[in-house]
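Dear colleague,

I am handing over the structure below, and after it you will find a description of what was found. Please read the two side by side.

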Amino acid sequence: MYAIICSGGKQYRVEEGQSIDVEKLNGQVGDKVNLEVLLLSNDSGIKTGKPILKDVVCEAEIIAQGKQDKIVVFKYKPKKNERKKQGHRQPFTRVKILSIK
């Protein structure tokens, strides 16, 4: 059994017991969150929502809050002595899928 969930404007294929990184969610480590389910596939077939399934919920637990590796953004204009160097670390939340009901 698996489900397609939506979090942070992105879609993820998840199964029970799996841990994934999603866009930063508000909450502390150990908190439980409910994620929207767009599609559910089980033994009886596939159910799709319009756009979400109202009667199905994916329960997950926050196991970590962190930041990804730094990326370097370097912009320059040739022959103009114009340079700009920036760094960015995107925050994320690691969640563990507890159940899909």
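**Thr93 and its surroundings**

The side chain of Thr93 makes a polar contact with the side chain of Gln65, at 2.7 Å, and it also reaches the backbone nitrogen of Leu25, at 2.9 Å. Please keep in mind throughout that this is a predicted model. Thr93 lies in strand E9 and is buried, its relative accessible area being 0%. Once neighbours within four places in sequence are left aside, the residues in contact with Thr93 are Ile20, Asp21, Val22, Glu23, Lys24, Leu25, Ile62, Ala64 and Gln65, so that both of its polar partners, Leu25 and Gln65, also appear among these contacts.

**Ser99, in the same strand**

Strand E9 also holds Ser99, which counts as buried because its relative accessibility is 13% and the limit for buried is under 20%. Not counting residues up to four places away in sequence, Ser99 touches Glu16, Val57, Cys58 and Glu59. Two of these names, Cys58 and Glu59, return below, the one in the nonpolar core and the other in a salt bridge.

**The largest nonpolar core**

Which residues touch the most other members of the largest nonpolar core? Among its 19 residues, these are Ile5, Val14, Cys58 and Ile100. At least two residues of this core are supplied by each of strand E1 (2-7), strand E2 (10-14), strand E3 (19-23), strand E4 (32-42), strand E6 (57-67) and strand E9 (91-100), and the largest share, 4 residues, comes from E4. If residues up to four places away in sequence are not counted, Cys58 touches Ile5, Val14, Val33, Asn34, Leu35, Val37, Ile97, Ser99 and Ile100; this list includes Ile5, Val14 and Ile100, which were named with Cys58 above.

**Salt bridges**

The structure holds 5 salt bridges, and three of them are described here, beginning with the one that Arg13 forms with Glu15, in which the closest N and O atoms are 3.3 Å apart. Arg13 is partly exposed, with a relative accessible area of 47%, and Glu15 is likewise partly exposed, at 36%.

In another pair, the side chains of Lys47 and Asp55 meet at 3.4 Å, N to O. Are these two partners buried, partly exposed or exposed? Lys47 counts as partly exposed, at 36% relative accessibility, whereas Asp55 is exposed, with a relative accessible area of 54%.

A further salt bridge joins the side chains of Glu59 and Lys101, at 4.0 Å from N to O. This pair links distant parts of the chain, since Glu59 is in strand E6 and Lys101 is in the segment after E9, 42 residues apart. Lys101 counts as exposed, because its relative accessibility is 58% and exposed means over 50%.

**A nonpolar patch on the surface**

Finally, Val72, Phe74 and Tyr76 make a nonpolar surface patch of about 340 Å². Phe74 has its place in strand E7, residues 71-77, and is partly exposed, with a relative accessible area of 47%.

With best regards

Terms used. Residues are numbered from 1 along each chain as its sequence is written. This is a predicted model: local features need pLDDT of at least 70, side-chain atom pairs count only at pLDDT 80 or more; totals for chains, interfaces and linings use all residues. Side-chain values use heavy atoms; hydrogens and water are left out. A nonpolar core is a set of buried Ala, Val, Leu, Ile, Met, Phe, Trp, Tyr and Cys residues joined through side-chain atoms within 4.5 Å. Buried means under 20% relative accessible area, exposed over 50%, partly exposed in between (1.4 Å probe, protein chains only). Contact means heavy atoms within 4.5 Å. Patches are made of residues with over 30% relative accessible area and no salt bridge: like charges are joined within 9 Å, nonpolar side chains (Val, Leu, Ile, Met, Phe, Trp, Tyr) within 5 Å. Accessible areas come from the Shrake-Rupley method with a 1.4 Å probe; for residues, only the protein chains shown count as cover. A polar contact is a pair of N or O atoms within 3.5 Å; within protein, one must be able to donate a hydrogen and the other to accept it, and residues adjacent in sequence count only if both atoms are side-chain atoms.
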